[in-house]
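Please look through the structure shown below, and then read the briefing on the ligand and its surroundings that follows.

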Amino acid sequence: MPPLKQATLHQLAVFEAAARHLSFTRAAEELFLTQPTVSMQMKQLTKTVGLPLFEQVGRRLYLTDAGRELCRTCEHIFEELRQFETLVAEMKGLKQGYLRLTVVTTAKYVVPRLLGPFCRHYPGIDVSLIVANHDQLMDRLGANQDDLYILSHPPETMDVACQPFLDNPLVVLAPGDHPLVGQKQISLVRLVEEPFIMREPGSGTRQAVQKLFSHHGLKLKVRMELGSNEAIKQAIAGGLGISILSAHTMALEGHTSQIACLDVEEFPIRRHWHVIHPQGKHLSVVARTFLTYLLTEGKVLAREGVQ
Ligand code: PGA
């Protein structure tokens, strides 16, 4: 074994303290050792190195060149150990950790289902899943309140790490017995004659709908505004009007649904969910693991669920 490998970590820790204080007495106090123990450890270390590490001039202690070099080496060793400790703490965090997610309302039809297999695999991880509209999510992102966020329209004014995750098409929904059901390529001009049920201000779905119609110089006849996709579906089924929602909102509807999807020109509006977090944010090991899961297995599971 090369001679220096015989130096113990304990000896190096004692040396580091003695070199920092330039005093065996103060190193002993810091490490709760006796002064003779420190002297003995330094004697053994000096013997292992084969060169003096300290020199005494008068009553003062100085580091020799070899001592200064060993000091630098100790800094590297202890820094590496600190990093390893952090890593281990994070790895333990996978057994017991916390994942904070905020997703837009449309993603609530998919993300909880993806969390199932993930949580089964890591039973010690607790998850908080907040469902919010686009603007509320942006507020949380701005305040750095969560680990990861899922939304369709990533912010342009904020520096975020952003990965597309899954298609989120917007479709036109009408009551199952509506006269337009079954017609092909209904024009937007015809569509705006229908009473429309709109999502609340702050909704990304609403923004996308308004953008399309204002692009064509058309104005929707908004009959009511509702703050939830589910409430809008109930209103459509109740014959109150038509609306435009994410196709995912229909995921659990089945064939007997009282709601039908209309075939309209320019539709579906093609959007994608993105998973984002502030650029430069240090993601916990739990968040990193979930992100990888989302972009690999999660993506496949979600697609299967949608088809
Ligand atoms: P929201 O969702 O309408 O619930 O705000 C928008 C989105 O898909 O990003």
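How far is an oxygen atom of the ligand from a polar backbone atom of Gly-204? The distance is 2.7 Å, which falls under the definition of a polar contact as a pair of N or O atoms within 3.5 Å. This is a predicted model, in which local features need pLDDT of at least 70 and side-chain atom pairs count only at pLDDT 80 or more, while totals for chains, interfaces and linings use all residues. Residues are numbered from 1 along each chain as its sequence is written, and side-chain values use heavy atoms, with hydrogens and water left out.

**Contacts of the ligand**
- An oxygen atom of the ligand also lies 2.7 Å from a polar backbone atom of His-134, and an oxygen atom of the ligand is 3.0 Å from an N or O atom in the side chain of Arg-199.
- Taken alone the ligand exposes 280 Å², and the protein buries 100% of that (accessible areas come from the Shrake-Rupley method with a 1.4 Å probe).

**Residues around the ligand**
- There are 13 residues around the ligand, of which Thr-105, His-134, Ser-152, Gly-204 and Thr-205 come nearest (a residue is near if one of its heavy atoms lies within 4 Å).
- At least three residues of this shell come from each of domain 2 (93-165 + 272-306) and domain 3 (170-261), with domain bounds taken from an automatic or database domain assignment.

Definitions and conventions: A polar contact is a pair of N or O atoms within 3.5 Å; within protein, one must be able to donate a hydrogen and the other to accept it, and residues adjacent in sequence count only if both atoms are side-chain atoms.
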